[in-house]
Amino acid sequence: MGFLEGLEGVRLPKRLLELRANAKGRLNPATEDETLNLLLAVARMRAPKRILEIGTAEGLTSVALLLECEQAHITTIENDSDRYLSALKNLEDFGVKNRADVKFGDAADVLPALSEAFDLIFLDGPKAQYIHYLPRLKQLLSARGVLFADDVLLYGWVSGKTEVPYKRRSIVERLREYLSAVSADPDLITSILDIGEGVAISVRK
């Protein structure tokens, strides 16, 4: 075992770790450990008052963020009814539901109705939609706000490390469009990191 192996585990309450492992075992979306570690580190540095998450899944990342940022409120969007209900339960069980607004619906429909500014936006919804969400997310991002997009390299397809399956070419093109857009945007400073399935961290100037 190399020195770094085994040092990447995320530090969370035991029950939350168990729920994350269970979700992964059922192939339900759960942010990878090293990605979540980075997200929580960014959250600690930014100390957000308001967080927006696109792609609640079972609410486990929402719980982790709210436990890390004790003064924060999260607005999170999920369009799968079973995951939405699981998220409500998990937020309640960890005692953070009073600081969460879980919206059921498609982000494309929910985002236009939001009006507050967010200090941290975690983008982990449908990958092909990232580029379409971007204009609205920029409008919702506060000064020095952080836009943290997950899975932007997607199995090495986006970077070209791995051959893209024919049926996935469209989603890869949309992700490449997103990365090009945030990298070229004069209002953002963006770093693309090969962590997990790839993350893009964009900070508003």
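This is a short walk through three packed helices and one serine in the structure above. Keep in mind that the model is predicted.

Let us begin with helix 2, which covers residues 33-46. Its length offers a nice check: at 1.5 Å a residue, these 14 residues should span 20 Å, and the end C-alpha atoms are indeed 20 Å apart, so the two values agree. Which residues of helix 2 are buried? They are Thr-35, Leu-36, Leu-38, Leu-39, Leu-40, Val-42 and Ala-43. Among the partners these buried residues pack against are helix 1 (14-25) and helix 3 (60-68). Strands join in as well: strand 4 (118-123), strand 5 (141-150), strand 6 (188-193) and strand 7 (199-204). Just beyond the end of helix 2, Ala-47 adopts a positive phi of about 50°.

Now look at how the helices pair up. Two packed helices are described by the angle between their axes and the distance between the axes. For helix 2 and helix 3, the angle is about 35° and the axes are 10 Å apart. This crossing is right-handed. On the helix 2 side, the contact is made by Leu-36, Leu-39, Leu-40, Ala-43 and Arg-44, which meet Thr-61, Ala-64, Leu-65 and Glu-68 of helix 3. Sorted by character, the residues of this contact are 6 nonpolar, 1 polar and 2 charged. If you wonder about the spacing of such residues, an α-helix has 3.6 residues a turn, so residues three or four places apart point the same way.

Helix 3 also meets helix 1. Their axes come within 10 Å and cross at roughly 155°. Because this angle is over 145 degrees, helix 1 counts as roughly antiparallel to helix 3. The crossing here is left-handed. From helix 1, Leu-16, Leu-19, Arg-20 and Ala-23 take part, and they meet Leu-60, Val-63, Ala-64 and Leu-67 in helix 3. This contact holds 7 nonpolar residues, no polar ones and 1 charged. Ala-64 appears in the contact with helix 1 and in the contact with helix 2.

Finally, find Ser-183 in helix 7, which runs over residues 169-184. Is Ser-183 buried, exposed or partly exposed? Its relative accessibility is 44%, so Ser-183 counts as partly exposed, since that class lies between 20% and 50%. Leaving aside residues up to four places away in sequence, Ser-183 touches Thr-190 and Ile-192. Val-158 lies 25 residues from Ser-183 along the chain, and their C-alpha atoms are separated by 15 Å.

Definitions and conventions:
Residues numbered from 1 in each chain as written. Predicted model: local features only at pLDDT ≥ 70, side-chain atom pairs only at ≥ 80, totals over all residues. Heavy atoms only, no water. Helix = DSSP H or I, 4+ residues; strand = E, 2+ residues; numbered from the N terminus. Expected span 1.5 Å × (residues − 1). Buried < 20%, exposed > 50% of the residue type's maximum accessible area, 1.4 Å probe, protein only. Contact = heavy atoms within 4.5 Å. Axes fitted to C-alpha atoms, helices over the stretch in contact; angles between N-to-C directions. Parallel < 35°, antiparallel > 145°, perpendicular 65-115°, else oblique. Left-handed = near helix turned anticlockwise from the far one by under 90°. Nonpolar A, V, L, I, M, F, W, Y, C, P; charged D, E, K, R; others polar.
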